[in-house]
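Please open the model in your viewer, with a cartoon for the backbone and sticks ready for the side chains. The tour below proceeds by selection, one stop after another.

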Amino acid sequence: MKKKRKNNKKKPNYIMKAFKEKDNFLRICLIIAAILLILVSIIIYIQNHVCPQEDQWSSVWKPIIYIYPKEETKVKITVSNPENFTVTYPKYQDGWEVIAKEDGTLIDNNKKEYYALYWEGKNKNNKIKEDGFVIKGEDTSSFLEEKLKVLGLNNKEANEFIIYWLPKLEKNKYNYIRFQSLEEINDYMKLHIEPTPDTLIRVLMEYKPLEKEIKVKEQKLQPVERQGYTVVEWGGNIIK
């Protein structure tokens, strides 16, 4: 009796068959899929290794520094993390060095006058904390007037702060607002000031626009009293 021969025939390789038979449609689909896979891989690599993701970074806007000595004084200011600067005016070059007058006028080495030192920078994006304030957009100006006075800003400084931030805050239904502590600000960008001021005030407001009210613990602000030679800085950033 004859034994049945085993069918050792290999299953056809449809991909190879497609190429061999010049199946153009399948070949084109495979090529497109390979190209898309390569493009997706490149995009993911760029996002993770070349460009910081948007939700990981935020901009610190409009910090300006006022200097009020008791008499005309040569002042030098350097910062701990100048690599975080994106804009400075006057130009930050191993620090700022100015002659500061009692009225706050600053004169650089080229005899140019300024009323403040200006910078902006990049910072890691923050999150809503357990404390802060939730304020209606329409109540922004009165809220800032009250809190900036507690934090030690004079009328001129508070006016400039409010004029800059009011358009960004007032248009929102609500805003979560929090003022960073001096320790938090120093951790990001510490100021080294020579000679050391008697009073240093740093106000950095962080905020997030809200569609509806949320509950947070009210932040307790420490009142600041200005005495003697004083340096003041204010700025802010948005929580994305």
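How many bridges join strand β8 to β9, and do these strands run parallel or antiparallel? Select β8 (residues 131-136) together with β9: 4 bridges join them, and they run antiparallel. Here two strands count as paired if DSSP finds at least two bridges between them, and helices (H or I, at least four residues) and strands (E, at least two) are DSSP runs numbered from the N terminus.

Before going further, please note that this is a predicted model, in which local features need pLDDT of at least 70 and side-chain atom pairs count only at pLDDT 80 or more, while totals for chains, interfaces and linings use all residues. Residues are numbered from 1 along each chain as its sequence is written, and side-chain values use heavy atoms, with hydrogens and water left out.

**Strand β9 and its neighbours**

Stay with β8 and β9, and show V134, which stands opposite Y176 in β9. Then add β11, which pairs with β9 in the antiparallel sense over 6 bridges. In a regular strand the side chains alternate between the two faces of the sheet. In β9, Y174, Y176 and R178 lie on one side and N175, I177 and F179 on the other, and all of these are buried, a word that stands for under 20% relative accessible area, with exposed meaning over 50% and partly exposed in between (1.4 Å probe, protein chains only). Since 6 of the 6 residues of β9 are buried, this strand is largely enclosed by the rest of the structure.

**Salt bridges**

Side chains of opposite charge can pair when their charged atoms come close. A salt bridge is taken here as a side-chain nitrogen of Lys or Arg within 4 Å of a carboxyl oxygen of Asp or Glu, and by this rule the count comes to 9.

Select E206 and R178, whose side chains meet in a salt bridge at 3.0 Å, N to O. E206 lies in strand β11 (residues 199-210) and R178 in strand β9 (residues 174-179), so the pair ties together parts that are 28 residues apart in sequence. In addition, E206 is the bridge partner of R178 in β11, and both E206 and R178 are buried. To widen the view, add K129, D131 and E184, which are linked with R178 and E206 in a network of salt bridges.

Next, show R202 and E233, where the side chains form a salt bridge of 2.6 Å, N to O. R202 in strand β11 and E233 in strand β13 (residues 230-238) are 31 residues apart, and the pair links distant parts of the chain. Both R202 and E233 are buried.

For a further pair, go to K147 and E146, which form a salt bridge with the closest N and O atoms 3.2 Å apart. K147 is buried, at a relative accessible area of 12%, whereas E146 is partly exposed, at 47%.

**The open sheet**

Now colour β6, β5, β4, β2 and β10, which in that order make up an open sheet of 5 strands with antiparallel pairing. The edge strands, each pairing on one side only, are β6 (113-114) and β10 (191-194). Strand β2 (residues 73-79) pairs with β10 in the antiparallel sense over 4 bridges, and I77 stands opposite I193 in β10.

**Helix α5 and N84**

Select helix α5 (residues 182-189), whose buried residues are I185, Y188 and M189. They cover an arc of only 70 degrees around the axis (counted from the directions from the helix axis to the C-beta atoms), which puts them on the same side of α5. Turn the helix around to find the exposed residues E183 and D187 on the face turned away from its buried side.

From here, move to N84 in the loop between β2 and β3 (85-89). N84 counts as buried, at 15% relative accessibility. Leaving aside residues up to four places away in sequence, N84 touches E120, G121, K122, Y188 and M189, where contact means heavy atoms within 4.5 Å.

**Last view: the whole protein**

Finally, zoom out to the protein as a whole, which has 5 helices and 13 strands. Buried residues make up 40% of its 240 residues. Among contacts between residues at least 6 apart in sequence, 82% join residues at least 24 apart.
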